Amino acid sequence: MASHLPLTLPPFYEFEADATWRCIEFISDLHLSEAQPRTTAAWVEYLEHSQADAIYILGDLFEVWIGDDARQPGRFETQAAVVLANAASQRAMGFMAGNRDFLVGSALLGACGMVGLPDPTLLSAWGERVLLTHGDALCLDDLAYQDFRRLVRSEAWRRDFLAQPLAVRESQARQMRDASEAGKRRVPAANWADVDTASAVAWMHATASRTMVHGHTHR
């Protein structure tokens, strides 16, 4: 049994859905990359045919995002940005950072016409209050990850990382990704860290929400 206390609800953003909307869709954890063309193709097809009035991305859209300046001619990031911009020209699009793409910044959001969603965000729609979060902050039993999360979410780490050449960032991101995958292989999927129930319930009580939508855990 976990010995930690429930995680206190951080400052959250709240917004109300447009009164004319009839459908809102959520996606997360697609982990898009050039190495997964079938997943990318399915994502493109989904965006082209979705009838939703709004689509909210709840993190880890990308397998890794090493900075908005990675959008250079011929790169996968540039192609993905074009797809996002086309989708945002047809409906409202929101983006919440995950643990793999927390370096998505205002440059990408602005170029694609997407709204950045702080984590957590409370959505009010059709009389319901839905709490949205990527979910990684609530996986409290994964102590090593929580230490890593605090490090890489600091302004100092972000500044130092983004100041490096693109090739160096790619190499470092590959090393971190390989280490993460190796760690997952050592633990059966059934034992992967999950969202802490007490913290999730506490967040929902604090926001008067009956529903939480999250990703990250792949459960």
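A residue counts as buried when its relative accessible area is under 20%, as exposed when that area is over 50%, and as partly exposed in between. The structure discussed here is a predicted model, and the report takes up its aromatic pairs, its backbone features and its two largest pockets in turn.

**Aromatic pairs**

Seven aromatic pairs are counted in the model. In one of them, Tyr13 and Phe15 are stacked, with a centre-to-centre distance of 5.8 Å and an angle of 20° between the planes. The two partners do not share a burial class: Phe15 counts as buried because its relative accessibility is 13%, whereas Tyr13, at 35%, counts as partly exposed. Phe15 also pairs with Tyr56, and here the arrangement is edge-to-face, the centres being 5.5 Å apart and the planes at 65° to each other. This second pair brings together distant parts of the chain, since Phe15 belongs to strand S1 (residues 13-16) and Tyr56 to strand S3 (residues 54-57), a separation of 41 residues. Both Phe15 and Tyr56 are buried. Together with Phe26, the residues Tyr13, Phe15 and Tyr56 make up one aromatic cluster.

**Backbone features in the loops**

Two residues other than glycine carry a positive phi: His31, with a value near 50°, and Trp126, with a value of about 55°. His31 is located in the loop that runs between strand S2 (24-27) and helix H1 (37-49), while Trp126 is placed in the loop between S6 and strand S7 (128-133). Is each of these residues buried or exposed? His31 has a relative accessible area of 14% and is therefore buried, whereas Trp126, at 53% relative accessibility, counts as exposed.

A further backbone feature is the cis peptide bond that joins Asp119 and Pro120, for which omega is about 5°. Pro120 is found in the loop between strand S5 (115-116) and strand S6 (121-125).

**The two largest pockets**

The table sets out the make-up of each lining by residue class.

| Pocket | Nonpolar | Polar | Charged |
|---|---|---|---|
| Largest pocket | 17 nonpolar residues | eight polar residues | eight charged residues |
| Second largest pocket | eight nonpolar residues | three polar residues | seven charged residues |

The largest pocket has a volume of about 870 Å³. Its lining is formed by 33 residues, and those that lie nearest the centre of the pocket are Asn99, Arg100, Asp142, Tyr145 and Ser180. Helix H4 (143-152), helix H5 (155-162) and helix H6 (166-185) each contribute at least two residues to this lining, and H6 gives the most, with seven residues.

For the second largest pocket the volume is about 400 Å³. This pocket is lined by 18 residues, of which Ser33, Glu34, Val64, Glu77 and Arg177 are the closest to its centre. The elements that give two or more residues to its lining are helix H2 (76-88) and H6, and the largest share, four residues, again comes from H6. Helix H6 thus supplies the most lining residues in the largest pocket and the largest share in the second largest pocket.

Notes: Residues are numbered from 1 along each chain as its sequence is written. This is a predicted model: local features need pLDDT of at least 70, side-chain atom pairs count only at pLDDT 80 or more; totals for chains, interfaces and linings use all residues. Side-chain values use heavy atoms; hydrogens and water are left out. Rings of Phe, Tyr and Trp (its six-membered ring) pair if their centres lie within 6.5 Å; planes under 30 degrees apart count as stacked, over 60 as edge-to-face and the rest as tilted. Buried means under 20% relative accessible area, exposed over 50%, partly exposed in between (1.4 Å probe, protein chains only). On a 1 Å grid over the protein atoms alone, a cavity is a set of points where a 1.4 Å probe fits but cannot get out, and a pocket is an open set with protein on both sides within 12 Å along at least five of seven lines; lining residues have an atom within 4 Å of a point. Grid points are joined across faces, edges and corners, and a volume is the space filled by probe spheres set on the points. Ala, Val, Leu, Ile, Met, Phe, Trp, Tyr, Cys and Pro count as nonpolar, Asp, Glu, Lys and Arg as charged, and the others, Gly among them, as polar.
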